[in-house]
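Here is a friendly walk through one model, from the way its helices pack to a few residues that deserve a second look. Have the viewer open as you read.

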Amino acid sequence: MNLVSQVFALLAALTHLVVGTLERLFYDRTAVRVLLTTSPADAPEVTLWRSGVAVYNLLLGLGLVAGVVALHAGEPTAGRTLILYLCASLIASALAFAASFPRLWRGALGQGVPPALALLAAALL
């Protein structure tokens, strides 16, 4: 897998690791809520859901990192499979997110553009 694909996969990983950490550990801060939802309001009734989504984001990010590590550890098939599958999953998730919450389109772009560029680079370079 080419370097450009790996860089965009790692950018997608970083995005999900940062967002997952913010969701899980810092959502009680108003600035974090505004960043993630564009609203300062807290919704305690969705704490369980938010915690699950945070773990999901963290695991997706770690999976992409594992894919890049596998590529460089002599396991190119495993690495490529992880990266391609997770990037495709992130794109699908970003599309569903954008369709469900149009006002949060910037978040959907942040979630979907880096993995889309990773897949595009993998296909074209």
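## A residue with positive phi

This is a predicted model, and a good place to begin is Thr38. Thr38 is partly exposed, with a relative accessible area of 47%. Its setting is the loop that links helix H2 (30–37) to helix H3 (47–72). What is the phi of Thr38, which is not a glycine? The value is positive, at about 65 degrees.

Pro40 is also found in the loop between H2 and H3. With a relative accessible area of 49%, Pro40 is classed as partly exposed, because that class covers the range between the buried limit of 20% and the exposed limit of 50%. If you would like a distance to check in the viewer, take Pro40 and Arg29: their C-alpha atoms are 8.7 Å apart in space, and the two residues are 11 apart in sequence.

## How H1 packs with other helices

Now turn to helix H1, which spans residues 3–25. The axes of H1 and H3 come within 8 Å of each other and cross at roughly 155 degrees. That angle makes H1 roughly antiparallel to H3, since angles over 145 degrees count as such. The crossing of H1 and H3 is left-handed.

H1 also packs with H5, at an angle of about 160 degrees and with the two axes 7 Å apart. H1 and H5 are therefore roughly antiparallel to each other, and their crossing is left-handed.

What about H1 and H2: at which angle do their axes cross? The answer is roughly 130 degrees, with the axes coming within 10 Å. H1 and H2 are therefore oblique to each other, because 130 degrees does not exceed the limit of 145 for roughly antiparallel and lies outside the 65 to 115 range for roughly perpendicular. The crossing of H1 and H2 is left-handed.

## Two residues, buried and exposed

Leu86 sits in helix H4, which covers residues 76–100. Is Leu86 buried or exposed? Leu86 has a relative accessible area of 10%, so it is buried; the cut-off for that class is under 20%. Leu86 and Ala12 are 74 residues apart in sequence, and their C-alpha atoms are 9.8 Å apart in space.

Pro102 offers another case to look at. Pro102 lies in the loop between H4 and H5, and at 54% relative accessibility it counts as exposed. From Pro102 to Leu58, the C-alpha to C-alpha distance is 23 Å, for a pair 44 residues apart in sequence.

## A nonpolar patch on the surface

Finally, rotate the model to find a nonpolar patch on the surface, formed by Val4, Trp105, Leu109, Val113, Leu117, Leu120, Leu124 and Leu125. Together these residues have about 760 Å² of accessible area. Which helix gives the largest share of the patch? That is H5 (residues 105–124), with six residues.

Leu125, one of the patch residues, is placed in the segment after H5. With a relative accessible area of 66%, Leu125 is exposed, because exposed means over 50%. H5, the helix behind the largest share of this patch, is also the one whose axis runs 7 Å from that of H1.

Notes. Residues are numbered from 1 along each chain as its sequence is written. This is a predicted model: local features need pLDDT of at least 70, side-chain atom pairs count only at pLDDT 80 or more; totals for chains, interfaces and linings use all residues. Side-chain values use heavy atoms; hydrogens and water are left out. Patches are made of residues with over 30% relative accessible area and no salt bridge: like charges are joined within 9 Å, nonpolar side chains (Val, Leu, Ile, Met, Phe, Trp, Tyr) within 5 Å. Accessible areas come from the Shrake-Rupley method with a 1.4 Å probe; for residues, only the protein chains shown count as cover. A salt bridge is a side-chain nitrogen of Lys or Arg within 4 Å of a carboxyl oxygen of Asp or Glu. Helices (H or I, at least four residues) and strands (E, at least two) are DSSP runs, numbered from the N terminus. Buried means under 20% relative accessible area, exposed over 50%, partly exposed in between (1.4 Å probe, protein chains only). Axes are lines fitted to C-alpha atoms, for helices over the stretch in contact, and angles run from 0 to 180 degrees between N-to-C directions. Angles under 35 degrees count as roughly parallel, over 145 as roughly antiparallel, 65 to 115 as roughly perpendicular and the rest as oblique. A crossing is left-handed if the near helix is turned anticlockwise from the far one by less than a right angle, and right-handed if clockwise.
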